[in-house]
Amino acid sequence: MRQKTLKRALVAFALALPGAAIATVAAAPAAHADGCYTWKRDLYQGRSGDDVRQLQIRVAGWAARGAIVRIDGDFGPETAAAVKRFQTAYGLRSDGIAGKQTFSKLYQLQDNDCTPAHFSYRELDGGCGKGGWSGGPLSATETKANAVRTMWKLEALRRGLGDKPLNVTSGFRDVSCNKQVGGASNSQHLYGNAADVTSQSRSLCEISRASRDHGFSGIYGPGYPGHDDHVHVDSRRENNRDNTTNRTSWAAPDCGVSR
Ligand SMILES: [Zn+2]
């Protein structure tokens, strides 16, 4: 985090200098090795591997409406579409090929602990105050990995809403916490797969509607029982561990969101 702040300061400083100096400093981020993950080759349709998987996790929030990006390590058409939408959202050339510019932007967006810039483990690891990612149906490691994927979708949602801060009021819940707050027995919160979201500057309906364009297969908001004071978003369709069918389920009737 500190390094990133320094980088921002350098760039800001460079902006105040004449042309030559700007070019020198602005070119630097492309070469930097990232604290979380560094890509070593360009990625495009047909490529596969863990580097593709790492990319998919970070662009899954840019799936087309109602679609999902499978985190399978195979760069197919849905990954290409998501990369294109990511590129457009951040003002990059939209060609569906993840190269230097795309990786540079991802490095800017990710903290050294692999969470995206505007969300943190602490925010998602609520568990009624207990924390630690344990006490759910999955291992702590699996749960935490799901939370990272949730956060990258939230980062995309936040961008889609015009870079307005989103508050996570509930993320992962262990079994007893979930019971305590009256959550559904198969709640996606148990898997680190869900977040309850509010915002000071965006209405719950704006959040509900925008969530459709950011890879969330579960959306519950205003008009759905118990969801008039937050929007619930999750990735139920990608969850193969919850013994439910992998179907999209959207319900925010007061906002015209249904599926
Ligand atoms: Zn919820």
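Q: Which protein donors does the zinc ion have?
A: In this predicted model, the protein donors of the zinc ion are His189 through NE2, Asp196 through OD and His232 through ND1, lying 2.0 Å from it; donors here are N, O and S atoms within 2.8 Å of the metal (3.2 Å for Na, K and Ca), and water is not among the atoms, so sites may look incomplete.

Q: What spacing do the donors follow along the chain?
A: The donors of the zinc ion follow H-x6-D-x35-H.

Q: And His189 and Asp196, buried or exposed?
A: Both His189 and Asp196 are buried, where buried means under 20% relative accessible area, exposed over 50% and partly exposed in between, with a 1.4 Å probe and protein chains only.

Q: What about the numbering and the confidence limits?
A: Residues are numbered from 1 along each chain as its sequence is written. Local features need pLDDT of at least 70 and side-chain atom pairs count only at pLDDT 80 or more, while totals for chains, interfaces and linings use all residues, and side-chain values use heavy atoms, with hydrogens and water left out.

Q: Switching to helix α3, how many of its residues are buried?
A: In α3, residues 50–59, 8 of the 10 residues are buried, among them Leu55 and Arg58; helices are DSSP runs (H or I, at least four residues), strands likewise (E, at least two), numbered from the N terminus.

Q: Which helices do those buried residues pack against?
A: The buried residues of α3 pack against α4 (77–89), α5 (100–109) and α7 (140–160).

Q: Leu106 in α5, what is it in contact with?
A: Leaving aside neighbours within four places in sequence, Leu106 is in contact (heavy atoms within 4.5 Å) with Trp39, Leu55, Arg58, Phe86 and Trp152.
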